[in-house]
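Me: I have a structure open and would like to learn how to read it feature by feature. Please take me through it.

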Amino acid sequence: KIAYMVQECGLEARNIAAITFTNKAAREMHERVAKLLDARAARQLTVCTFHALGVRIVRQEARLVGLKPQFSILDSSDIMQIIAEISGGADKATLKSSQRAISGWKNALIPPQEAEKLASDEISAAAAKLYPAYEKTLRAYRAVDFDDLIRLPVEIFDNHPEALERWQNRLRYLLVDEYQDTNRAQY
């Protein structure tokens, strides 16, 4: 489809982004399309995961969300350590539940203050109390988690129309592999 768009429709490869869920799938997709296009066009394509595209967007637009372009990306063990520190010694099961709840809220684009209102049981209420402190700790570390790599571009585009326009002009054609599996933030 990408080769057709470039070769038959005359679209610029630099304006096309193909997004998938795994790095392996992105590599395979890029290798296949690179065999069909000339080297210049293949280099201009954006073929990556949702998270990799999110990193590009957030690094370029970092100042709009109070970050520096060199922000750190924390992995799940770093996140568990932060949640353990701010929870004041909760058991491992509670920590994992809190991590899952916060991740779910971020993927649903629910900010900390709204999560507290939505908490419907003791476990989600405990997680909702940790969520603001967790976000504050990430900012203190000048870091983001994997969910932020999807959530922050949405925030940037919602709050900064000039950034949205820059990216719309850059990536005019968006192809999403396994589109039916996208969550609200990815959509």
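Reply: The turns below go through a helix, the nonpolar cores, the aromatic rings and the backbone angles. Keep in mind that this is a predicted model.

Me: Let us begin with a helix. How many residues has α2, and how far does α2 reach from its first C-alpha to its last?

Reply: The idea is to set the span of a helix against the one expected at 1.5 Å a residue. Helix α2 has 14 residues and reaches 20 Å, close to the expected 20 Å.

Me: Which residues of α2 are buried, and where do they sit around the axis?

Reply: A residue counts as buried under 20% relative accessible area. In α2 these are A26, M29 and V33. Their directions cover an arc of only 65° around the axis, so they lie on the same side of α2. The face turned away from that side carries K24, R32 and K35, which are exposed.

Me: What do the buried residues of α2 pack against?

Reply: They pack against α1 (2-7), β1 and β2 (46-49).

Me: Now the interior. How many residues are in the largest nonpolar core, and which have the most contacts inside it?

Reply: A core of this kind is a set of buried nonpolar residues joined through side-chain atoms within 4.5 Å. The largest one here has 22 residues, and L53, L67 and I156 have the most contacts inside it. Two or more residues come from each of β1, α4, α9 (148-159) and α10 (161-170). Helix α4 gives the most, with five residues.

Me: What is L53 in contact with, leaving aside its neighbours within four places in sequence?

Reply: L53 touches I19, T46, C48, W167 and L171. Apart from this core lies another, of 18 residues, among them L74, I102, I110 and Y134.

Me: On to the rings. How many aromatic pairs does the structure hold?

Reply: Two. To read a pair, look at the distance between ring centres and the angle between planes. F21 and F50 have ring centres 5.2 Å apart and planes at 50°, so this pair is tilted. F21 lies in the loop between β1 (16-20) and α2 (23-36), while F50 is in helix α4 (residues 50-60), so the pair ties together parts that are 29 residues apart in sequence.

Me: Why does F21 count as partly exposed, and why does F50 count as buried?

Reply: Buried means under 20% and exposed over 50%, with partly exposed in between. F21 has 32% relative accessibility, so it counts as partly exposed. F50 has 11%, so it counts as buried.

Me: And the other pair: what are its distance and angle?

Reply: W105 and Y131 are 5.7 Å apart centre to centre, with 15° between the planes, and the pair is stacked. W105 lies in helix α6 and Y131 in helix α8, so the pair ties together parts 26 residues apart in sequence. Both residues are buried.

Me: Where does the charged end of R59 sit?

Reply: A charged group can also sit over a ring. The charged end of R59 sits over the ring of F71, 4.2 Å from its centre.

Me: Last, the backbone. What should I look for in phi?

Reply: Most residues other than glycine have a negative phi. Here L109 has a positive phi, near 60°. L109 is in the loop between α6 (92-107) and α7 (112-118), and counts as partly exposed because its relative accessibility is 25%. R142 also has a positive phi, of about 55°, although it is not a glycine. R142 lies in the loop between α8 (122-140) and β4 (143-144).

Definitions and conventions
Residues are numbered from 1 along each chain as its sequence is written. This is a predicted model: local features need pLDDT of at least 70, side-chain atom pairs count only at pLDDT 80 or more; totals for chains, interfaces and linings use all residues. Side-chain values use heavy atoms; hydrogens and water are left out. Helices (H or I, at least four residues) and strands (E, at least two) are DSSP runs, numbered from the N terminus. Buried means under 20% relative accessible area, exposed over 50%, partly exposed in between (1.4 Å probe, protein chains only). Rings of Phe, Tyr and Trp (its six-membered ring) pair if their centres lie within 6.5 Å; planes under 30 degrees apart count as stacked, over 60 as edge-to-face and the rest as tilted. A charge sits over a ring if NZ of Lys or CZ of Arg is within 6 Å of the ring centre and within 35 degrees of the ring normal. Contact means heavy atoms within 4.5 Å. The expected span of a helix is 1.5 Å times one less than its number of residues. The arc is that of the directions from the helix axis to the C-beta atoms.
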